[in-house]
Protein chains: 2
Amino acid sequence: MKSKEVTIYDIARELNLSIATVSRALKNDSVVSKKTKKKILDAAAAMGYRTNHFARNLRLQRTNTLGVIIPRLNSYFMSSAIAGIESVANEKGYNLIISQSSESKLQEASIAQNLFNHRVDGLLVSLAYDTTDYSHFLPYQNKNVPLVFFDRTDDTIDATSILIDNELAGYTATEHLILQGCKRIVHVTAHSVRNVYQDRLKGYQRALAHHQLPFNEQMVLTNNLSQEAGIKVAELLQSMHPRPDGVFFANDNCAVGCMVALKKAGWKIPEDIAVVGFNNDPVATVVEPNLTTIHYPGHTMGRLAANHLISTLNGSYTLNNANKLLLRFELIIRDSSTRT
Amino acid sequence: MKSKEVTIYDIARELNLSIATVSRALKNDSVVSKKTKKKILDAAAAMGYRTNHFARNLRLQRTNTLGVIIPRLNSYFMSSAIAGIESVANEKGYNLIISQSSESKLQEASIAQNLFNHRVDGLLVSLAYDTTDYSHFLPYQNKNVPLVFFDRTDDTIDATSILIDNELAGYTATEHLILQGCKRIVHVTAHSVRNVYQDRLKGYQRALAHHQLPFNEQMVLTNNLSQEAGIKVAELLQSMHPRPDGVFFANDNCAVGCMVALKKAGWKIPEDIAVVGFNNDPVATVVEPNLTTIHYPGHTMGRLAANHLISTLNGSYTLNNANKLLLRFELIIRDSSTRT
DNA sequence: TTGTAGGCGTTATCAT
DNA sequence: ATGATAACGCCTACAA
């Protein structure tokens, strides 16, 4: 028993005008006289008119909607990035459809297809752990629907990506541990196909090499980087001989889970083992000792990604398709790694 | 230079059929012969056809889209709730538009209007801190667009709400502190117009009364419940005479921020002061001592809310508009409050 | 400055 | 089992 919707026809009839004039007035077209425009706007408000976006989109062949695909929104970084994207979308009058791939390439592909069918004007993506085949983005490229990747990207895709220099960040984090006197440094990371993890690992390796420390594959542990996984890492660390004296995690949650477990086992941090995380999640200032970590700006990254996408849509941006935007990051030194 | 979209006309022309038949085949209408159906489906796939949802929605007068308004998605609880909502929406073939009010009633109202104009089929809402005027939901009620509120609700709105018994949870948390021997218990909460905070406060008061402890307004502190606000709370606690010996926070983040600051100031937890939080955020198991807290199921709540909304849309649910669904919660006792 | 009319891609009703 | 056709509500040449 839904009440009938008011259309421009109703307004036109009410005011004895043509729908064309009404339509124009509603669009705030300068060609309509001030007087009739006011009459129309008032009537529209009074009658409870709301534009029918389907009719509009159908006619205009665009949706004013952006799709967003992210692995999960359960991290501080992702929340911030989404908030950034949203703020820009709001400013520019775009709607957002946000979906989570849950770190599954299958879900990612199905979401991509779904958003494509919904004719999003553009797509923002942060890739799942294990996506290696990017054919689900092909339809977008074929139809010239712009794509922007952020944080979790891939160089083989011909699209703009916005991220930090993960290799350098990994290098910086590892070197910091080395400078604190660590000689046997473990690196904990996730599925290594994803750029962020591959690059951080590379940075770790380069730092070791640069300081004449041996690289040992056994010292690289792989898991899903959850807090629970950190507990498992603690067990592994305890089983290693000789004892590692430093560990660089590819995210804070896992680092924190591990720290709690290690302390329970009687290890002293940073004396027995120095720890560095990644992301600067709020939890880094809760764990004791506070966690040294790499900070990078999720909100800014989100804003930038959205802005870039919208500029591309407006044609106001001369898009160089294969470009890459690197944001600044920062090593935040706290007590978990400082041995004075 | 967007390539042309394939429509049912194109398919019809290609196969020398009418658009009606093509449309029916695409809908998998049983009236179309198996043979032609296959022919059409194959052609559609080969030609890269995708349904135009605008044309479809325009015709069908529904969007298959649900709106979601939440205060912020930066908490573990909200992430879980959204994940729950999303899983149901996916199963049932609904799209989601998620927006954040950023705890501002103005933003909430503007989002509500925007989603209304986008003709969402239904709306899921968790209210901002300070919303007291609910007129922005009136258009939905007038047009019979179903509303479901979850977690942050209000009894004066004539719509289904899904939440926990916050009064009882507040009572349980406070009584736990009392049973641990606390006599001067502080309660830290947020803007008190919101049900979740009002009710937890009521529970706190009832527990005090039930155990013949005096209620003192000075012992109720109000802030935005952020981790940083917890630091301020620590200062306040230190300035109180006599010293409080227990504190019940309306969320974990604030509790954790406060604990860290208190420990820095030399207070022993739980000996000097016992602490209870709310939400069972992962950070509760990171802070030391681990935080006693109230657990309640965000994912389930999200699923339930979405299911309820969709059932209402399908008419498969006999909707009693003014009903309320209470989920179970649980007090999880950890070391921050146990004095043996 | 305003009006007329065609078309955007579907679905559904009525014929055939 | 299939086809013709009229909406759905909006925008925009083109005309007046």
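1. A short definition to start with: a helix axis here is a line fitted to the C-alpha atoms over the stretch in contact, and the angle between two axes runs from 0 to 180 degrees between their N-to-C directions. With that in hand, look at chain B of this predicted model. Helix α1 (residues 8–15) of chain B packs against helix α3 (residues 34–47) of chain B at an angle of about 120 degrees, and the two axes are 10 Å apart. Angles of 65 to 115 degrees count as roughly perpendicular and those over 145 as roughly antiparallel, with oblique for what falls between. α1(B) and α3(B) are therefore oblique to each other. Their crossing is right-handed.

2. Now for the side chains at that crossing. On the α1(B) side you will find B:Asp10, B:Ile11, B:Glu14 and B:Leu15, while α3(B) brings B:Lys39, B:Ile40, B:Ala43, B:Ala44 and B:Met47. Sorted by class, this contact of α1(B) with α3(B) has six nonpolar and three charged residues, and no polar ones.

3. Chain A is worth viewing next. There, the axes of helix α1 (residues 8–15) and helix α3 (residues 34–47) come within 10 Å and cross at roughly 120 degrees. That makes α1(A) oblique to α3(A). The crossing of α1(A) and α3(A) is right-handed. From α1(A) the contact draws on A:Asp10, A:Ile11, A:Glu14 and A:Leu15, and from α3(A) on A:Lys39, A:Ile40, A:Ala43, A:Ala44 and A:Met47. The class count for this contact of α1(A) with α3(A) is six nonpolar, no polar and three charged residues.

4. How are the two chains related overall? A turn of 180 degrees, with a shift of 0.0 Å along the axis, lays chain B on chain A with an RMSD of 0.1 Å. That is the relation of a two-fold axis.

5. On to the place where the chains meet. Chain B puts 36 residues into the contact and chain A puts in 35. On the side of chain B that touches chain A, α4, α5 (76–92), β2 (95–100), α6 (105–117) and α11 (252–264) of chain B each supply at least two residues. By class, that side of chain B has 18 nonpolar, 12 polar and six charged residues. Of the interface residues of chain B, 97% are also interface residues in chain A, so the copies meet through the same surface.

6. Helix α5(B) deserves a second look, this time for its partner inside chain B. The axes of α5(B) and helix α12 (residues 298–314) of chain B come within 6 Å and cross at roughly 40 degrees. This crossing of α5(B) and α12(B) is right-handed. Among the residues making the contact are B:Phe77, B:Ile82, B:Ile85 and B:Val88 of α5(B), and B:Met301, B:Arg303, B:Asn307 and B:Ile310 of α12(B). The contact of α5(B) with α12(B) divides into 11 nonpolar, eight polar and two charged residues.

7. Which residues come nearest to DNA strand C? They are A:Ser18, A:Ala20, A:Thr21, B:Asn52 and B:Ala55, out of 26 residues around that strand. Both chains take part: α2 (19–26) and α4 (53–60) of chain A, and α2 (19–26) and α4 (53–60) of chain B, each supply at least two residues of the surface near DNA strand C. The most comes from α4(B), with five residues. By class, this surface has 13 nonpolar, eight polar and five charged residues.

8. DNA strand D has 27 residues around it, and the closest are A:Thr7, A:Asn52, A:Ala55, B:Ser18 and B:Ala20. For the surface near DNA strand D, α2 and α4 of chain A and α2 and α4 of chain B each supply at least two residues. The classes there are 13 nonpolar, eight polar and six charged.

9. Finally, some backbone details in chain A that you may like to inspect on screen. The peptide bond from A:Ile269 to A:Pro270 is cis, with omega near 10 degrees. A:Pro270 sits in the loop between α11 (252–264) and β9 (274–276) of chain A. Another cis peptide bond runs from A:Glu288 to A:Pro289, with omega near -5 degrees, and A:Pro289 is in the loop between β9 and β10 (293–295) of chain A. A:Asp151 has a positive phi, near 65 degrees, in a residue other than glycine. You can find A:Asp151 in the loop between β4 (147–150) and β5 (160–164) of chain A.

Note on methods: Residues numbered from 1 in each chain as written. Chains lettered and ligands numbered in written order. Predicted model: local features only at pLDDT ≥ 70, side-chain atom pairs only at ≥ 80, totals over all residues. Near = placed C-beta within 6 Å. Helix = DSSP H or I, 4+ residues; strand = E, 2+ residues; numbered from the N terminus. Nonpolar A, V, L, I, M, F, W, Y, C, P; charged D, E, K, R; others polar. Least-squares fit on C-alpha atoms with pLDDT ≥ 70 in both. Contact = placed C-beta atoms within 7 Å. Parallel < 35°, antiparallel > 145°, perpendicular 65-115°, else oblique. Left-handed = near helix turned anticlockwise from the far one by under 90°.
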